[in-house]
Every structure is written in C-alpha cells, then in structure tokens.
Amino acid sequence: VVRHLEKAGCTVDSHDPYIENNGSLQEKNIYDAILLLVPHREYLARGAAELGVLGKEGALLFDLRSVLDRSRVEKADMQYLSL
C-alpha cells in the first residue's frame, strides 16, 4: 500500500506497533488521510477521537476492516470510508 501511494505522488508515514523503531503517532493535525489497514488493539483502544486529532480538519479516515464507529469518526471532524 505504501509503495503504491508513494508511486502516485503521496507523502506517506506508516506506523505499526509491532515493528520496532517504526515511528510514533504523536504529531497532530498533519495528515490529509489516515488509513487503518490492520485493526491492532492499540489503534482500537485510541478510538476515533484520538485518531482524529492526527488528521487535518476534514481529513479522510479509511477503515479497511470497518471496525470503527462512523458517527464517532464524523464527530472527530473526519470523513469516513470503509469496506
């Protein structure tokens, strides 16, 4: 996914809590989109509101596994897409 997005001209940061030295999710309001591709419990525990602060206002949150509550994502001022 990362390679395809980069090939399309996107700047991509990735994070996986199970990979050492994989960055952090501390910066706020910097992302145009957040893709939740794997529903690790660490991300689910943060919830839509905490994930929402990572994105710019109106950012897109794509939930590949449809594990987040759409209304909570939208309350965090994000657009919600899922499969």
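**Contacts, sheet and core of a predicted model**

Colleague: What share of the contacts with a separation of 6 or more comes from residues 24 or more positions apart?
Modeller: The model is a predicted one. The share refers to the contacts in the protein whose separation is 6 or more. Within that set, pairs 24 or more positions apart account for 47%.

Colleague: What pattern does the protein follow along the sequence?
Modeller: The secondary structure amounts to 3 helices and 3 strands. Read along the sequence, these elements give the pattern α-β-α-β-α-β.

Colleague: Does the radius of gyration agree or disagree with that of a compact globule, and what is its value?
Modeller: The C-alpha trace spans about 30 × 25 × 25 Å along its principal axes. For 83 residues, a compact globule would have a radius of gyration near 12 Å. The protein agrees with this, so the value to quote is 12 Å.

Colleague: How much of the exposed area do carbon and sulfur atoms supply?
Modeller: Of the 83 residues, 27% count as buried. The protein exposes about 6000 Å². The part of this area supplied by carbon and sulfur atoms is 49%.

Colleague: Which strands stand at the edges of the sheet?
Modeller: The sheet is open, its 3 strands run in the order E1-E2-E3, and the pairing is parallel. An edge strand has a single partner strand, so one of its sides is left without a neighbour in the sheet. The strands in that position are E1 and E3 (79-82).

Colleague: By what angle are neighbouring strands of this sheet turned against each other on average?
Modeller: The sheet in question is the open one with parallel pairing. With direction ignored, the average turn between its neighbouring strands is 15°.

Colleague: Which residue in E3 is the bridge partner of Leu61?
Modeller: E2 and E3 pair in the parallel sense over 4 bridges. Leu61 falls within E2 (55-63). Its bridge partner in E3 is Tyr80.

Colleague: Which members of the largest nonpolar core touch the most other members?
Modeller: In soluble globular proteins, nonpolar side chains tend to be buried together. The largest nonpolar core here has 13 residues. The members that touch the most others are Leu61, Leu68, Val73 and Met78.

Colleague: Which elements each supply at least two residues of this core?
Modeller: The core meant is the largest nonpolar one, with 13 residues. The elements that each supply at least two of its residues are strand E1 (31-36), helix H2 (41-52) and strand E2 (55-63).

Colleague: Which residues is Met78 in contact with, leaving aside neighbours within four places in sequence?
Modeller: Met78 is among the core members that touch the most others. With neighbours within four places set aside, its contacts are Ile34, Leu51, Gly52, Gly58, Ala59, Leu60, Leu61 and Val73.

Colleague: What is the distance between the C-alpha atoms of Glu42 and Pro17?
Modeller: Glu42 lies in helix H2 and is partly exposed, at a relative accessible area of 30%. Not counting residues up to four places away in sequence, Glu42 touches Pro17 and Tyr18. Glu42 and Pro17 are 25 residues apart along the chain, and their C-alpha atoms are separated by 7.3 Å.

Colleague: What is the phi of Ser66?
Modeller: Most residues other than glycine have a negative phi. Ser66, in the loop between E2 and helix H3 (70-75), is partly exposed at 34% relative accessibility. Its phi is positive, near 55°.

Colleague: What is the phi of Asp77?
Modeller: Asp77 sits in the loop between H3 and E3. Although Asp77 is not a glycine, its phi is positive, at about 60°.

Methods:
Residues are numbered from 1 along each chain as its sequence is written. This is a predicted model: local features need pLDDT of at least 70, side-chain atom pairs count only at pLDDT 80 or more; totals for chains, interfaces and linings use all residues. Side-chain values use heavy atoms; hydrogens and water are left out. A nonpolar core is a set of buried Ala, Val, Leu, Ile, Met, Phe, Trp, Tyr and Cys residues joined through side-chain atoms within 4.5 Å. Buried means under 20% relative accessible area, exposed over 50%, partly exposed in between (1.4 Å probe, protein chains only). Contact means heavy atoms within 4.5 Å. Two strands pair if DSSP finds at least two bridges between them. Axes are lines fitted to C-alpha atoms, for helices over the stretch in contact, and angles run from 0 to 180 degrees between N-to-C directions. The radius of gyration is taken over C-alpha atoms; the globule rule is 2.2 Å times the number of residues to the power 0.38. Accessible areas come from the Shrake-Rupley method with a 1.4 Å probe; for residues, only the protein chains shown count as cover.
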